[in-house]
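Biologist: I have this model open next to its sequence, and I would love a close look at one part of it. Could you take me through how its helices pack and what spaces are left around them?

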Amino acid sequence: MTIFQYFHAQAKNNAWANFRLLSSCKKLSENDLTAHRTGFFPSILMTLNHILTVDWFYVSALEGAPLGISAFNPEYPFEELLPLIEAQKNSDQRLIALIDRMDRADLSRIHVLRGDKPLGERTDRLLLHLFQHQVHHRGQVHAMLSGTSVVPPQLDEFFLGNEMEQQARKKDFSALGFSETDIWPYREMRES
């Protein structure tokens with residue numbers, strides 16, 4: 001596996017996990033989405049907004065047009081779930097496209113995160129941080145879902161190669177426009 005395969009697979013897995021989580025959240029009532037719950041952000045909807053705004057913060061920096069702290073203004077831009085789902089899907093697609101355009105030199109490139117403070121970081125570290133951030137907060141939403149009538153989706157999958165696993169994700173992949181061959185193998189010639 002090349003480093004590009006790794007980051008590409010992480011970006012696709014991130015989009016898949018967001019899709020699964022948000023598909024479950026669509027089954028919630030407005031009251032369930034906004035009810036006060038235990039977590040860093042006190043509701044499912046607020047936590048989903050946070051996941052998205054942090055995406056905007058880092059993806060914009062990786063694209064070379066950092067939003068900086070304006071990514072969090074407003075802190076919770078979506079009061080309804082359906083527009084948030086569309087915005088998250090767009091952000092996930094931007095991240096996948098960004099990684100698909102990368103070459104080896106891009107991985108060590110320094111990106112400015114915000115204009116008001118000199119703060120920069122390498123691409124590879126930003127990507128690792130972003131994926132970890134997403135896992136962390138999706139886990140919080142998953143736990144919050146456990147306090148509702150909606151069964152939380154399984155989010156700890158990662159594209160295992162056996163036929164049973166491939167069949168289990170076939171419907172999701174179709175909805176996302178993904179294919180098994182798109183994820184494995186992934187342009188190994190880019191490593192050289």
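Modeller: Gladly! Let me start with α3 and α6, keeping in mind that this is a predicted model. The axes of these two helices approach to within 10 Å, with a crossing angle of roughly 170 degrees. An angle over 145 degrees counts as roughly antiparallel, and α3 and α6 therefore run roughly antiparallel to each other. Sorted by class, their contact has 13 nonpolar, eight polar and two charged residues.

Now turn to helix α1, residues 3–25, and helix α4, residues 81–100. Their axes come within 9 Å and cross at roughly 170 degrees, which makes α1 roughly antiparallel to α4. On the α1 side, the contact is made by F7, H8, A11, K12, N14, A15, N18, L22 and C25. Facing them from α4 are L81, L84, I85, Q88, D92, L95, I96, I99 and D100. By class, the residues of this contact divide into 11 nonpolar, four polar and three charged.

Several of those residues come back when we look at enclosed space. Searching the whole structure turns up one cavity of 30 Å³ or more, and the largest cavity holds about 50 Å³ of space. Its lining is made of N18, L21, L22, L48, I51, L84, Q88 and R138. Helices α1, α3 (44–62) and α4 each supply at least two residues of that lining, and the largest share, three residues, comes from α1. Five of the lining residues are nonpolar, two are polar and one is charged. If you want to trace the link to the helix contact, N18 and L22 of α1 and L84 and Q88 of α4 take part in it, and these residues are also among those that line the cavity.

Next come the open spaces. The largest pocket contains about 290 Å³ of space. Of the 16 residues lining this pocket, A15, F19, I85, K89 and L176 lie nearest its centre. Here α1 and α4 are joined by α7 (163–176), each of the three supplying at least two lining residues. The helix that gives the most is α4, with seven residues. In terms of class, the lining has eight nonpolar, four polar and four charged residues.

The second largest pocket holds about 190 Å³. Around it you will find Q10, N13, N14, A17, F131, V135, R138, G139, H142, L155, E157 and F158. The elements that give two or more residues to this lining are α1 and α6 (123–145), and α6 provides the largest share, five residues. Five nonpolar, five polar and two charged residues make up the lining. R138 is worth selecting in your viewer: this residue is part of the lining of the second largest pocket and also of the lining of the largest cavity.

One more stop, this time for charged side chains. The structure holds eight salt bridges. In one of them, the side chains of R20 and D172 meet at 2.9 Å, N to O. R20 belongs to helix α1 and D172 to helix α7, so this pair ties together parts that are 152 residues apart in sequence.

If you keep α1 highlighted as you go through these views, you can follow this helix from its contact with α4 to the lining of the largest cavity, then to the linings of the largest pocket and the second largest pocket, and finally to the salt bridge with α7.

Key. Residues are numbered from 1 along each chain as its sequence is written. This is a predicted model: local features need pLDDT of at least 70, side-chain atom pairs count only at pLDDT 80 or more; totals for chains, interfaces and linings use all residues. Side-chain values use heavy atoms; hydrogens and water are left out. Axes are lines fitted to C-alpha atoms, for helices over the stretch in contact, and angles run from 0 to 180 degrees between N-to-C directions. Helices (H or I, at least four residues) and strands (E, at least two) are DSSP runs, numbered from the N terminus. Angles under 35 degrees count as roughly parallel, over 145 as roughly antiparallel, 65 to 115 as roughly perpendicular and the rest as oblique. Contact means heavy atoms within 4.5 Å. Ala, Val, Leu, Ile, Met, Phe, Trp, Tyr, Cys and Pro count as nonpolar, Asp, Glu, Lys and Arg as charged, and the others, Gly among them, as polar. On a 1 Å grid over the protein atoms alone, a cavity is a set of points where a 1.4 Å probe fits but cannot get out, and a pocket is an open set with protein on both sides within 12 Å along at least five of seven lines; lining residues have an atom within 4 Å of a point. Grid points are joined across faces, edges and corners, and a volume is the space filled by probe spheres set on the points. A salt bridge is a side-chain nitrogen of Lys or Arg within 4 Å of a carboxyl oxygen of Asp or Glu.
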